[in-house]
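Subject: Handover of a structure and notes on it

Dear colleague,

I am passing the structure below on to you, together with some notes for a reader who has not seen it before. Please look through it first and then read on.

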Amino acid sequence: QRGQPSVAGRRGEAMEKQRSSRYGGGTQVEVLPSGFGRSDVVRLITQSLRALGYHKSAGLLESESQIELLSGDVRSFRQGVLDGHWDDACSRVAALGLESIEAYRAVQFLILEQKFLELVDDRSFGPALECLRKQLVPLGALPEQLQRLSSLLLCPQRDELYLRCGWAAIGVEEDVRLAARQRLLSELHALIPPSVLIPENRLETLLLQAMAQQAGTSPTPSLNGGHSYGHTRWDLFSDHAPTQQKVLVSECVRVLERHPDEIWFVQFSHNGLRLASAGKDGLVVIWAMPALPCPPPSPRQQQQQQRQQQQQQQEQHTETGTANGSTAQAVNGNAGQAANGNAAQASLLADRDHSESTVQMEIALAHETGRSSENSDTPMSDAAPSVPPAP
């Protein structure tokens with residue numbers, strides 16, 4: 001290997017070569033008035049033309065602009081992955097301009113892993129085991145990854161192999177390998193700089209992001225790394241007004257300063273007047289929250305409140321009438337009892353006066369009788385006994 005360039009050296013040469021090919025043989029970037037580079041726009045249009053099936057128009061655009069969509073090495077690498085030429089694809093990894101040796105090994109591992117899976121699918125266990133020992137192990141893969149791959153050699157049926165390696169849900173049996181290779185290419189896009197290998201359907205992805213930004217929605221990710229809106233058709237020739245969304249206005253009303261360490265959990269009380277906080281220090285602190293103004297009730301809530309008030313007023317009116325009737329009966333009963341008591345007391349006083357007047361009359365008769373006895377010399381013993389005065 002003496003005299004051969006290192007991986008870092010080949011990577012630097014590849015980046016310089018890709019940069020030179022990208023800008024038509026020069027290193028100066030022409031910027032459009034919009035701020036985008038001319039070469040970037042041309043490459044996006046070229047990719048979109050090829051995706052739409054206009055390969056002749058894409059070739060004419062590359063020929064006229066002198067800006068290639070992909071360099072020769074990158075194009076061969078991509079086609080080698082899709083065609084299953086694994087050794088050729090691995091030999092061109094150094095031309096991708098990867099940023100680190102870890103990314104270089106990760107790309108190599110993904111490519112060789114796909115090679116191993118297809119060999120196992122062909123029931124070529126000898127070449128598969130050789131690929132595992134001589135190509136995958138030297139890359140420094142984790143023992144768990146190597147153990148998972150070696151266990152696939154024991155799968156008795158193809159269905160179990162597809163299920164364990166993740167191929168069961170990516171395509172039908174006829175094109176499952178092509179779908180697996182396309183998924184591999186999407187995984188490689190995350191490791192390769194996008195300026196070297198443009199992500200698939202990049203122009204459509206940018207259009208979807210722009211439409212989602214105008215409409216105020218979030219695009220739904222699809223399986224190929226782009227975005228999908230189902231059968232929604234966007235109008236590219238008019239602007240879209242953003243949908244009105246309720247925005248919660250946040251305001252800092254309290255700072256939790258009692259905890260000396262991290263706060264892990266907070267919970268409001270049901271009435272919103274207390275807040276409990278707990279953290280790493282093992283303390284639970286109860287905070288008194290300021291009363292916040294309630295939002296105005298809706299028309300439906302206002303009608304419900306009016307009906308409740310009317311019901312309460314009716315119930316209060318009924319209770320008041322019942323209470324007044326009970327009070328009147330009680331007053332009449334008290335008056336009758338008072339009248340009966342007064343009559344009894346008057347009868348007692350009348351009887352007492354009558355008794356006193358009778359006693360006084362008897363006393364007066366006795367005095368008169370005594371005087372007449374003294375005048376007629378009648379002894380006192382024969383006279384009528386005196387009656388003591390009434391108490």
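The largest pocket holds about 780 Å³ of space, and please bear in mind throughout that this is a predicted model. Four helices each give two or more residues to the lining of that pocket, namely helix 2 (38-51), helix 3 (55-65), helix 4 (72-83) and helix 10 (176-189). Helix 10 provides the largest share of the lining, with six residues. In total 25 residues line the largest pocket, and those nearest its centre are Arg-78, Leu-82, Gln-182, Leu-185 and Glu-200.

Two of the residues just named are also paired with each other, since Glu-200 forms a salt bridge with Arg-78 in which the closest N and O atoms are 2.9 Å apart. This pair links distant parts of the chain, with Glu-200 in the loop between helix 10 and helix 11 and Arg-78 in helix 4, 122 residues apart. Glu-200 is partly exposed, with a relative accessible area of 27%, and Arg-78 is likewise partly exposed, with a relative accessible area of 21%.

As for enclosed space, a search of the whole structure finds two cavities of 30 Å³ or more. The second largest cavity has a volume of about 40 Å³, and its lining is made up of Gln-47, Ser-48, Ala-51, Asn-201, Arg-202, Leu-203 and Glu-204. Helix 2 and helix 11 (202-215) each supply at least two residues of that lining.

Turning to charged pairs, 14 salt bridges are found in a search of the whole structure. One of them joins Glu-62 to Arg-50, with 3.2 Å between the closest N and O atoms; here too the pair links distant parts of the chain, as Glu-62 lies in helix 3 and Arg-50 in helix 2, twelve residues apart. Glu-62 counts as buried because its relative accessible area is 15%, which is to be read against a cut-off of under 20%, whereas Arg-50, with a relative accessible area of 31%, is partly exposed.

A further salt bridge is formed by Arg-148 and Glu-113, whose closest N and O atoms are 2.8 Å apart. Because Arg-148 lies in helix 8 (residues 143-151) and Glu-113 in helix 6 (residues 101-121), the pair ties together parts that are 35 residues apart in sequence. Arg-148 counts as partly exposed, at 35% relative accessibility, while Glu-113 is buried, with a relative accessible area of 14%. In addition, Glu-118, Asp-121, Asp-122, Arg-158, Arg-177 and Arg-181 are joined into one network by salt bridges that share partners.

On the surface, Leu-207, Leu-236 and Phe-237 make a nonpolar patch of about 370 Å². Phe-237 sits in the loop between strand 2 (227-228) and strand 3 (263-268), and this residue counts as exposed because its relative accessibility is 79%, the cut-off being over 50%.

Finally, some values for the chain as a whole. The chain has twelve helices and five strands, and 25% of its 391 residues are buried. About 27,600 Å² of the chain is exposed, of which carbon and sulfur atoms supply 54%. Among the contacts with a separation of 6 or more, 49% are between residues 24 or more positions apart.

With best wishes

Methods:
Residues are numbered from 1 along each chain as its sequence is written. This is a predicted model: local features need pLDDT of at least 70, side-chain atom pairs count only at pLDDT 80 or more; totals for chains, interfaces and linings use all residues. Side-chain values use heavy atoms; hydrogens and water are left out. Patches are made of residues with over 30% relative accessible area and no salt bridge: like charges are joined within 9 Å, nonpolar side chains (Val, Leu, Ile, Met, Phe, Trp, Tyr) within 5 Å. Accessible areas come from the Shrake-Rupley method with a 1.4 Å probe; for residues, only the protein chains shown count as cover. A salt bridge is a side-chain nitrogen of Lys or Arg within 4 Å of a carboxyl oxygen of Asp or Glu. Buried means under 20% relative accessible area, exposed over 50%, partly exposed in between (1.4 Å probe, protein chains only). Contact means heavy atoms within 4.5 Å. On a 1 Å grid over the protein atoms alone, a cavity is a set of points where a 1.4 Å probe fits but cannot get out, and a pocket is an open set with protein on both sides within 12 Å along at least five of seven lines; lining residues have an atom within 4 Å of a point. Grid points are joined across faces, edges and corners, and a volume is the space filled by probe spheres set on the points.
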